[in-house]
Amino acid sequence: TWQIATDTLFTTLVNSGITTTDSSKDYTIKVDATGLQANTWYYYRFGYDSLYSVIGRTRTLPVGSVNNLRFAIASCQDYQRGYYNAHHHLARRNDIDAVLFLGDYTYEKGLSDTIVEGRVNEPPRRTVNMLDYRLRASQYKLDPDLQESQRQYPWISVWDDHETANNSYTDGAKAHYPEDGSWYDRKTAAVLTYEQWMPIRMPDPNDTFKIFRRFTFGDLLDLHMLDTRLYDRSKPVDGIVPVTNSEINDSTRTMIGPEQMAWLFNNLDNSTAQWQLLGQQVIMAPLVTGGANSSIINPDQWDGYPYERQQLYDHIADNNIDNIVVLTGDIHTSWANDLPLAGYDANNRENSIGVEFVATSITSNNELPPLVSEPLIYSLASYVRYVNLYMHGYYVLDITPQRAQGDFVFVSTITSQNYVDSAGPSWYVNAGEHHLNPATGHSVALNVYPALAPNNYITTSIAKLQDNITTISMYPNPFVSQVIVQYNTWKPEPVMLEVYSADGKLMMENDLGQSEQGLNHAQFDGSTLPKGYYRVVLRGKGNSRSEAMIKVN
């Protein structure tokens, strides 16, 4: 069951219902509720039997006149790299209307060379199939600080590359290898997992890969969430390359593609909102070396697709579209940029098409080339008003009819949960202008926010479980030789692993020894088993769990 109420005690229900789930959805639940009022905060919960879930809080889009909106902008949260202290801080401030997450919610990598204690990826290898991506998604969702951030605020999210594979594009990825099989199958598995595990409404049921969509917040702003990664991006050019590179300047290469570009142009042309926000993944402002032989430092960004970027700039300029604010993630560092046109004047900040705020990472490490430093960036790009290459955190975008301001927020560490938050610098753009100005301090919310959802975690529900071994997963499936097993036990006990053939014959028996409370790992060698169908059983003292598997070759 599910319930939506206007109060934390659920005495005033506004909607409720019953829903089901199964393995085809990875046992996730998603309800697209109706009958709600605009511009309203609500509390929600799920129930089964006499038990209820923890309470969540969300809100609906405003309509009409809107005086102030505040978004937290975040991206890039490699689980192995550290604790989600930024989410911990964000979840408790209670002056945010929504979180905009700009990609790299999960990472596909295997075991990293730098792992914070206790934060080892599940599965402990690269994710390449549906089971892998589902395990990784469920592991990220177990982080308590991430849970709190998503519990307290509505999220508007989009993927970047690591939800599938590093430096992905529509037809492949830099980190997709022949042994990984079909790229289409891998991309499909990743995208379906994302749709199942994220609070997102996919815009076109007939197009699995379409994620770009628009949100209208009354007369104050339109938010256009773009996909600069999977939908129609051409293969990126590798390395540092000259700006005159023929491949880079090929007019047929696309970052978002003609369908998405036409959709965006139509949105911009027909919007009546004061501000136009473009939520997307990679830096739009140029970053090139100076001199006669200038080069593009990172062709994975919009620099690698200059023809399409110029198409966007030309449309904005030719149609007198004002108040463009680009919101960016991906690069794990903080930036505040003007978006320069040819002849940009660094003295009076004229000839800019709009501004850009770039979110640093929640935990992911900086990936700029080793010689790139803050002084070098300032010397190369006068339109970069602020850059910080080292801190982790997020920023708050505070918008009124008169101005849009970005307030950077940093945490002192990600390797310990004992952190200190700090207020970074603030930059704003006035309505009708196209350049950033330094602010004297962080913005203050103009509206009143309701109580946070209460922390009502229920632990007594575990008493209803009669079985000790509760979940298992095994991969790869189909298998050839080694099979990795993970399973959960509520309390320590001896566990046996048994492998049965399709006709019920016991083919293998392994004593796994004493399990630990929580998540356990084991493996077995099935190389000597004949090709065919098997059932692998984990047997404890009082119950067992099994998984059907196929042996190939």
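Arg70 and Asp95 are both buried, and in this predicted model they form a salt bridge, with their closest N and O atoms 3.0 Å apart. Arg70 sits in strand 6 (residues 69-74), while Asp95 belongs to the loop between helix 1 (85-91) and strand 7 (98-101), so the pair ties together parts that are 25 residues apart in sequence.

A second pair, Asp160 and Arg229, also meets in a salt bridge, at 2.9 Å from N to O. Here the loop between strand 8 (155-157) and strand 9 (168-169) supplies Asp160, and the loop between strand 12 (221-225) and strand 13 (241-242) supplies Arg229, so parts 69 residues apart in sequence are tied together. Are these two partners buried or exposed? Asp160 counts as buried because its relative accessibility is 0%, with under 20% being the cut-off. Arg229 is buried too, with a relative accessible area of 0%.

Then there's Arg403, which forms a salt bridge with Asp398. Both Arg403 and Asp398 are buried. Which residues end up in one network through shared salt-bridge partners? They are Arg70, Arg93, Asp95, Asp398 and Arg403. The count for the model comes to 24 salt bridges, including these three:

| Salt bridge | Closest N to O |
|---|---|
| Arg70 with Asp95 | 3.0 Å |
| Asp160 with Arg229 | 2.9 Å |
| Arg403 with Asp398 | 2.9 Å |

On to the helices. Two packed helices are described by the angle between their axes and the distance between the axes. For helix 2 (residues 130-141) and helix 4 (residues 183-197), the axes come within 9 Å and cross at roughly 30°. That crossing is right-handed. From helix 2, the contact uses Met130, Tyr133, Arg134, Ala137, Ser138 and Lys141. Helix 4 brings Arg186, Ala189, Ala190, Leu192, Thr193, Gln196 and Trp197. Sorted by character, the residues of this contact are seven nonpolar, three polar and three charged.

Now the sheets. Strands of a sheet pair through backbone hydrogen bonds, either parallel or antiparallel. One open sheet has seven strands in the order 11-12-14-16-18-17-19, with mixed pairing. Its edges are strand 11 (213-217) and strand 19 (384-388), each with a single partner strand, so one side of each has no neighbour in the sheet. Ignoring direction, neighbouring strands here are turned by 25° against each other on average. Strand 17 (residues 334-345) pairs with strand 19 in the antiparallel sense over four bridges. If you want a spot to look at, Ser334 has Asn388 in strand 19 as its bridge partner.

Helix 5 (residues 257-270) lies across strand 11, strand 12, strand 14 (275-279) and strand 16 (324-328). Relative to strand 12, helix 5 runs at about 180°.

Another open sheet has four strands, ordered 27-26-29-30, and its pairing is antiparallel. Strand 27 (506-514) and strand 30 (544-551) stand at its edges; each has a single partner strand, so one side of each is left without a neighbour in the sheet. The average turn between neighbouring strands of this sheet is 20°, direction ignored. Strand 26 (residues 494-501) is joined to strand 27 by seven bridges, and the two run antiparallel. Which residue of strand 27 is the bridge partner of Val495? That's Gly513.

How values were computed:
Residues are numbered from 1 along each chain as its sequence is written. This is a predicted model: local features need pLDDT of at least 70, side-chain atom pairs count only at pLDDT 80 or more; totals for chains, interfaces and linings use all residues. Side-chain values use heavy atoms; hydrogens and water are left out. A salt bridge is a side-chain nitrogen of Lys or Arg within 4 Å of a carboxyl oxygen of Asp or Glu. Buried means under 20% relative accessible area, exposed over 50%, partly exposed in between (1.4 Å probe, protein chains only). Axes are lines fitted to C-alpha atoms, for helices over the stretch in contact, and angles run from 0 to 180 degrees between N-to-C directions. A crossing is left-handed if the near helix is turned anticlockwise from the far one by less than a right angle, and right-handed if clockwise. Contact means heavy atoms within 4.5 Å. Ala, Val, Leu, Ile, Met, Phe, Trp, Tyr, Cys and Pro count as nonpolar, Asp, Glu, Lys and Arg as charged, and the others, Gly among them, as polar. Two strands pair if DSSP finds at least two bridges between them.
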